[in-house]
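The following report describes the architecture of one protein model for a reader new to structural biology. Please consult the sequence and the structure while reading.

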Amino acid sequence: MSEQLRWGVIGTGAIAAAWVEDMGTTDSGTVVAVGSRKLETAERFADRWGIPNRHASYEELVADAEVDAVYVATPHPLHSPCAQLALRAGKPALVEKPFTVNAAEAEELVALARSEGLFLMEAMWTRWLPHIVEIRRLLAEGALGKLASVTADHGQWFAPDRDFRRFARELHSGALADLGVYPVSFASMVLGTPERIVSLITPAPDGGDEMTSMVFGYTSGAQALLNCSISGKSPTRGAIVGSDARIEIDGDFYRPSSFSLISRDGVETRFEVPHEGWGLRHQADEVARCLHEGLLESPVMPLDESISIMQTMDAVRAQGN
Ligand SMILES: NC(=O)c1ccc[n+]([C@@H]2O[C@H](COP(=O)([O-])OP(=O)(O)OC[C@H]3O[C@@H](n4cnc5c(N)ncnc54)[C@H](OP(=O)(O)O)[C@@H]3O)[C@@H](O)[C@H]2O)c1
């Protein structure tokens, strides 16, 4: 492998563009190739971002000898097929969230990576944002005492558009998969896998979920209270409450943000965490670091946890009917 990780990106949509832009702010890797379903789209994207290799199919992209690692930025039902293409071509893969459409697919994908002895990671970018790194440090130090609860919400408003993946059932539409995965993953990071799951779903006209509320119970007695929606912009706050103190993340907990640590008697310590760019580069830095150290998965976003998150989301859907 060359010193800088040479990335190939599958897909030329919104997040692919944001990620490529953000890769301009790190020296851990560089984007050398893009694959699209059409050559003209690949060309247009590559011209915009100065990417040398452009491919008219995802198969061609993964076969590019100059590509060390593949970033999968397609709609949800294509995550597993595209990641499998990469792995079967002998390439490690970073796969957009949600990892797959359900737990069965996640298990199959992880089994393939393990049998091929190749690195695989869910692109849950929030985990490597500086404020979350700081929060993980405080949690590891036990700064909050015994953990009692997590609250988080992620609601956005999108103009209804049948052709847009968030409203197209065949592209795994709805709030839970696209937005709910953030609060579910946040609760998983803090409290682990829930023992009990209660959910309430407001269906969308296409059969997906317009809004989903979730209550999780843990063996420790802790609870998580989570919500996601595609019918309006919610505060997108995240909070963790413990016996000694709580953490309140400023709005948009899932993006670069700052937070307060507030003791139970009300003493507030601010953590202002400066940040430039989208924040998408940190997950690519993690892939480069793991590959450099010979790891097959990230300790920050382990594969078994990605499977567990998919199992939780399956249970939320089943429970909410
Ligand atoms: N990390 C984040 O903050 C974040 C934010 C937004 C989205 N995402 C995730 O990133 C993934 C892509 O989301 P996006 O918003 O970038 O979607 P998007 O703008 O619709 O782009 C998806 C890309 O996938 C390719 N594609 C392959 N089959 C397709 C199909 N049947 N219909 C539409 N596109 C198809 C297309 O590229 P070609 O035409 O070039 O093949 C398209 O440009 C999703 O998994 C989403 O959850 C993550």
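Strand 11 (residues 238–242) and strand 12 run antiparallel and are joined by 4 bridges. Strands, like helices, are DSSP runs numbered from the N terminus (E, at least two residues, for strands; H or I, at least four, for helices), and two strands pair if DSSP finds at least two bridges between them. Strand 11 and strand 12 form a hairpin, with 2 residues between them. Strand 12 is also joined to strand 13 (residues 259–263), again in the antiparallel sense, by 5 bridges.

This is a predicted model, in which local features need pLDDT of at least 70 and side-chain atom pairs count only at pLDDT 80 or more, while totals for chains, interfaces and linings use all residues. Residues are numbered from 1 along each chain as its sequence is written.

Individual bridge partners can be listed as follows.

| Residue | Bridge partner | Strand of the partner |
|---|---|---|
| I240 | I247 | strand 12 |
| R246 | I262 | strand 13 |
| G8 | A33 | strand 2 |

In a regular strand the side chains alternate between the two faces of the sheet. Strand 12 (residues 245–249) shows this alternation: A245, I247 and I249 point to one face and are buried, whereas R246 and E248 point to the other and are not. A residue is buried if 20 or more other C-beta atoms, placed from the backbone, lie within 10 Å of its own.

A further sheet is open and has 6 strands in the order 3-2-1-4-5-6, with parallel pairing. Strand 3 (53–55) and strand 6 (120–123) stand at its edges with a single partner strand each, so one side of each has no neighbour in the sheet. From one strand to the next, the twist averages 25 degrees, where axes are lines fitted to C-alpha atoms and angles run from 0 to 180 degrees between N-to-C directions. Strand 1 (residues 5–10) and strand 2 (residues 29–35) pair in the parallel sense over 6 bridges.

The domain assignment, which is automatic or from a database, gives domain 1 (5–124 + 285–296) and domain 2 (130–274). Their C-alpha centres lie 26 Å apart. The contact (C-beta atoms, placed from the backbone, within 7 Å) takes 7 residues from domain 1 and 6 residues from domain 2.

Where does the ligand lie? Both domain 1 and domain 2 give residues to the shell around the ligand, so the ligand lies between them. Helix 1 (residues 14–23) gives the most to this shell, with 3 residues.

How values were computed. Contact = placed C-beta atoms within 7 Å. Buried ≥ 20, exposed ≤ 12 C-beta atoms within 10 Å, placed from the backbone.
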